[in-house]
Amino acid sequence: MHTRTAIAAATLLALLGGCTSGSSTPDTAASPAPATSSGGLAGEYTSYAAGLSRPVVDSQYPQHGTDALDVLHYGLELAWSPAERVLTGTATLHLRPTRDAASFHLDFKPYTITSLTVDGKPATGAVTKEKLVVQAPVKADVPVTLVVGYRGKPSTTPWPTTTRGDNHPLGLTVSADGGLWTMQEPFGAFTWYPANDHPSDEALYDIAVTAPPGWSAIASGTPQGRQGDTFRYRSTVPVASYLTTLAVGKYEKATGTGPHGLPITYWYHADEASYLPMMQKTAEHLQWLEKHFGPYPFDSAGVVMVESPSAMETQQMVTMGERFGQMGPRSFDGTLLHEWAHHWFGDAVTPADWSDFWLNEGWALYAQRLYEAETYPGEMSQAERIAQNRELDGTYRKQYGPPGKPNAAEFGNTCMYTCVAGMLRQLHQALGDDRFFALARGWVQDNLHTQQSRASFTAYVNRKTGHDFTALLDAWLDSPTTPAETGPLPS
């Protein structure tokens, strides 16, 4: 997600610095399931093997998600009626239970359940306290197919913090003209389909959305074409639920081409035509990011404009709030680059637990700062950027605490961005360009489409560089004050 309003003015030009020692943190996240193994799956379920995960109970938001189920694949057939403000859906979930149980549950808003089957047989299910509880026995590692028909008026869910400048309700939002759009980090997918709404359970997706004549439907994944008024999208690599998106409205469409012939799709409203040139910098952004961090990890890209005050790295279809268009090309440029950087850091490699949210945002902000320093060199000298960042680092640590010890009531606080970007700058300074970017590229390619943790990142840095950076990383993640500035490793 983009750097927030709370940071925007001050950190727009900051670039970073610092280091001291600190204590190590044990690995609390499960290691990822191999994306290419069938994991013992049989029959039709083998085609969903890339969706195998090892779900965990979240340390920050344990009320969302479950470690009792691994969703391999979501098949969503949706229809939206703007006149009635009613969403009708059929969700087909291919599930791998992780333990024996007399029943199971998923996150879900209280829609009216119109039908429910498990392995083709009618089953009993009800939504209670935003959980769909299905009364059907399951056995560990014996996959089942759940089909849920539902209908109702969408409603959002509150964000877990109140201090961010772009604070807004999460999930599926209905606009004044009857359109739809989503923002759902750290959760909110459950406001439009039954979901194991947690990043440790990534899955494959097929999404089909029927919109009224003259309207368009946009979703995450690779476009599969349009049949009448039904728009289809597919994700053949795993997606975390918070990285899915849905938008329905009277959109204009433009197309383009990125690196290596990558297809890019742009969606905007008629009164947002002036934003299109800003959106079209996507090809340039992806080229810059590939140069520094390796190949773009997906087979299509896109941008959709929505009414949100924020922006989001939704997988293969970045969701951009119209506020950034109103702020002009400079703000839009940095924000969009940030969201595309997340496709390497957050989308391709995802944290298993929200306590490691910094793994997403620190990398994306540092990439953004490098890009801005290169693209807008006259804004500030490097010394000024570093000094300003260190000042902000101290302010944010005092206000929020260190990034490695997040407060669940302050999701996405600015420390997770700025302070971790400072840590990455110290790694960059210690290693030099060649070794630092080799580390960054390796982190993505060696861990592609898996969930990772603080411990696995620390171990990877030390192994890849041949140097023990544990103390440096611990200092930046755990210190209540800004760590001291350090220099390059001895040659």
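**View 1. Helix 8 is bent rather than straight.** In this predicted model, helix 8 covers residues 415-446, which makes 32 residues. Even so, its end C-alpha atoms sit only 27 Å apart, while a straight helix would reach 46 Å at 1.5 Å a residue. Where is the kink in helix 8 centred? Look at Gly 432: the kink there is about 125 degrees. Helix 8 is also largely enclosed by the rest of the structure, because 23 of its 32 residues are buried.

**View 2. Two cysteines of helix 8, Cys 415 and Cys 419, are out of sight.** Cys 415 has a relative accessibility of 0%, so it counts as buried. Cys 419 is buried too, and its relative accessible area is 0%. As for the spacing along the helix, an α-helix has 3.6 residues a turn, so residues three or four places apart point the same way. How many disulfides turn up in a search of the whole structure? The count is 0.

**View 3. Eight strands line up in an open sheet.** Reading across, the 8 strands come in the order 5-4-8-2-1-11-14-13, and their pairing is mixed. Which strands are at the edges? They are strand 5 and strand 13 (222-227), each of which pairs on one side only. Further along the order, strand 11 (residues 203-210) pairs with strand 14 (residues 230-239) in the antiparallel sense, over 7 bridges. One spot to look for here is Ala 208, whose bridge partner in strand 14 is Arg 232.

**View 4. Strand 8 has strand 2 and strand 4 as partners.** Strand 8 runs over residues 144-152. With strand 2 (residues 86-97), the pairing is antiparallel and takes in 9 bridges. To find your way between these two, pick out Gly 89, which stands opposite Tyr 150 in strand 8. Strand 4 (residues 112-118) also runs antiparallel to strand 8, and 6 bridges join them. On that side, Val 118 has Leu 146 of strand 8 as its bridge partner. Is strand 8 mostly enclosed or mostly open? It is largely enclosed by the rest of the structure, because 7 of its 9 residues are buried.

**View 5. Strand 4 turns back into strand 5 through a hairpin.** Strand 5 is made of residues 121-122, and 2 bridges join it to strand 4, with the two running antiparallel. Val 118 shows up again here, standing opposite Lys 121 in strand 5. There are 2 residues between the strands of this hairpin. Asp 119 is the one to zoom in on, as it takes a positive phi near 50 degrees.

**View 6. Val 248 is tucked away among residues from elsewhere in the chain.** Val 248 belongs to strand 15, which spans residues 246-249. With a relative accessible area of 2%, Val 248 is buried. Setting aside neighbours within four places in sequence, its contacts include Trp 80, Gly 179, Leu 180 and Val 209. Ala 211, Trp 215, Ser 216 and Ala 217 are also among them. Pro 223 lies 25 residues from Val 248 along the chain, and their C-alpha atoms are separated by 15 Å.

**View 7. Residues 3-36 call for a careful eye.** The protein chain has a mean pLDDT of 91, with 92% of its residues at 70 or more. Over residues 3-36, however, pLDDT stays under 50. For that stretch, the model has 117 contacts beyond four places in sequence.

Key: Residues are numbered from 1 along each chain as its sequence is written. This is a predicted model: local features need pLDDT of at least 70, side-chain atom pairs count only at pLDDT 80 or more; totals for chains, interfaces and linings use all residues. Side-chain values use heavy atoms; hydrogens and water are left out. A disulfide is a pair of cysteine sulfur atoms within 2.5 Å. Buried means under 20% relative accessible area, exposed over 50%, partly exposed in between (1.4 Å probe, protein chains only). Helices (H or I, at least four residues) and strands (E, at least two) are DSSP runs, numbered from the N terminus. The expected span of a helix is 1.5 Å times one less than its number of residues. The bend at a residue is the angle between axes fitted to the seven residues ending there and the seven starting there. Two strands pair if DSSP finds at least two bridges between them. Contact means heavy atoms within 4.5 Å. pLDDT is the predictor's confidence in each residue, from 0 to 100.
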